[in-house]
Amino acid sequence: MTKSELIDKLVETRGVLTRKDSEAVVSLVFDAMSEALTSGDKVEIRGFGSFTIREREPREARNPKSGEIVSIPSKKTPFFKTGKDLRERVNSL
């Protein structure tokens, strides 16, 4: 499901919201989640999962085209862990 499909679903199921209002709500939620992760906080949605930031250690890798060794610096990446309810729903399919 894409962001626009989510907005359409929200408009469809909640008749009181216009498309513009639905876009604002979805953008507000995603922006708040992004800001929380950027500041180092954890985002947890009960029954769905949690988002955290993990630090990846620096490492050396090989350039597949030239074969030379390249140094990759440490970086932070978002990590998602599924919640129990979501995992059970997906596994029941």
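Q: In which helix is the place of S22?
A: S22 sits in helix α2, which runs over 19–38. Helices here are DSSP runs of H or I with at least four residues, strands are runs of E with at least two, and both are numbered from the N terminus. The model is predicted, so local features need pLDDT of at least 70 and side-chain atom pairs count only at pLDDT 80 or more, while totals for chains, interfaces and linings use all residues. Residues are numbered from 1 along each chain as its sequence is written, and side-chain values use heavy atoms, with hydrogens and water left out.

Q: Why does S22 count as buried?
A: Its relative accessibility is 0%. Buried means under 20% relative accessible area, exposed over 50% and partly exposed in between (1.4 Å probe, protein chains only). S22 therefore counts as buried.

Q: With which residues is S22 in contact, leaving aside its neighbours within four places in sequence?
A: S22 is in contact with I7, L10, V11 and L17, where contact means heavy atoms within 4.5 Å.

Q: What makes V11 partly exposed?
A: V11, a residue of helix α1, has a relative accessible area of 27%. That value lies between the two cut-offs, so V11 is partly exposed.

Q: Which residues does V11 touch, not counting residues up to four places away in sequence?
A: V11 touches L17, T18, R19 and S22. From V11 to D21, 10 residues apart in sequence, the C-alpha to C-alpha distance is 8.8 Å.

Q: How do you know whether T38 is buried or exposed?
A: T38 is in helix α2, and its relative accessibility is 70%. The value is over the upper cut-off, so T38 counts as exposed. Its C-alpha lies 34 Å from that of G15, and the two residues are 23 apart in sequence.

Q: What makes E57 exposed?
A: E57 is in the loop between β2 and β3 (59–62). Its relative accessibility of 61% places it in the exposed class. The C-alpha atoms of E57 and K75 are separated by 7.0 Å, with their positions 18 residues apart along the chain.

Q: Why does S50 count as buried?
A: S50, in strand β2, has 12% relative accessibility and therefore counts as buried. Not counting residues up to four places away in sequence, S50 touches K42, V43, E44, F79, F80 and K81.

Q: How do you know that F48 and F80 form an aromatic pair?
A: Their ring centres are 5.5 Å apart, with 50° between the planes. Rings of Phe, Tyr and Trp (its six-membered ring) pair if their centres lie within 6.5 Å; planes under 30 degrees apart count as stacked, over 60 as edge-to-face and the rest as tilted. The F48 and F80 pair is therefore tilted. It links distant parts of the chain, with F48 in the loop between β1 (43–45) and β2 (49–56) and F80 in strand β5 (residues 75–82), 32 residues apart. F48 counts as partly exposed at 36% relative accessibility, and F80 counts as partly exposed at 31%.

Q: Why is the pair of F51 and F80 called tilted?
A: The ring centres are 4.7 Å apart and the planes stand at 45°, so the pair is tilted. F51 in strand β2 and F80 in strand β5 are 29 residues apart, and the pair links distant parts of the chain. The count comes to 2 aromatic pairs, and F48, F51 and F80 form one aromatic cluster.

Q: Which residues make up the largest nonpolar core?
A: The core has 5 residues: M33, A36, L37, V43 and F51. The largest share, 3 residues, comes from α2. A nonpolar core is a set of buried Ala, Val, Leu, Ile, Met, Phe, Trp, Tyr and Cys residues joined through side-chain atoms within 4.5 Å. F51, at 19% relative accessible area, is buried. A36 touches D41 and V43, not counting residues up to four places away in sequence.

Q: How much space lies in the largest pocket?
A: The figure is about 410 Å³. Of the 14 lining residues, M1, L6, V26, F30 and F48 are the closest to its centre. A pocket is an open set of points, on a 1 Å grid over the protein atoms alone, where a 1.4 Å probe fits, with protein on both sides within 12 Å along at least five of seven lines; lining residues have an atom within 4 Å of a point.

Q: Which element supplies the largest share of the lining of the largest pocket?
A: That element is α2, with 5 residues. Both α1 (3–13) and α2 supply at least two residues of the lining.

Conventions. Points joined across faces, edges and corners; volume = space filled by probe spheres on them.
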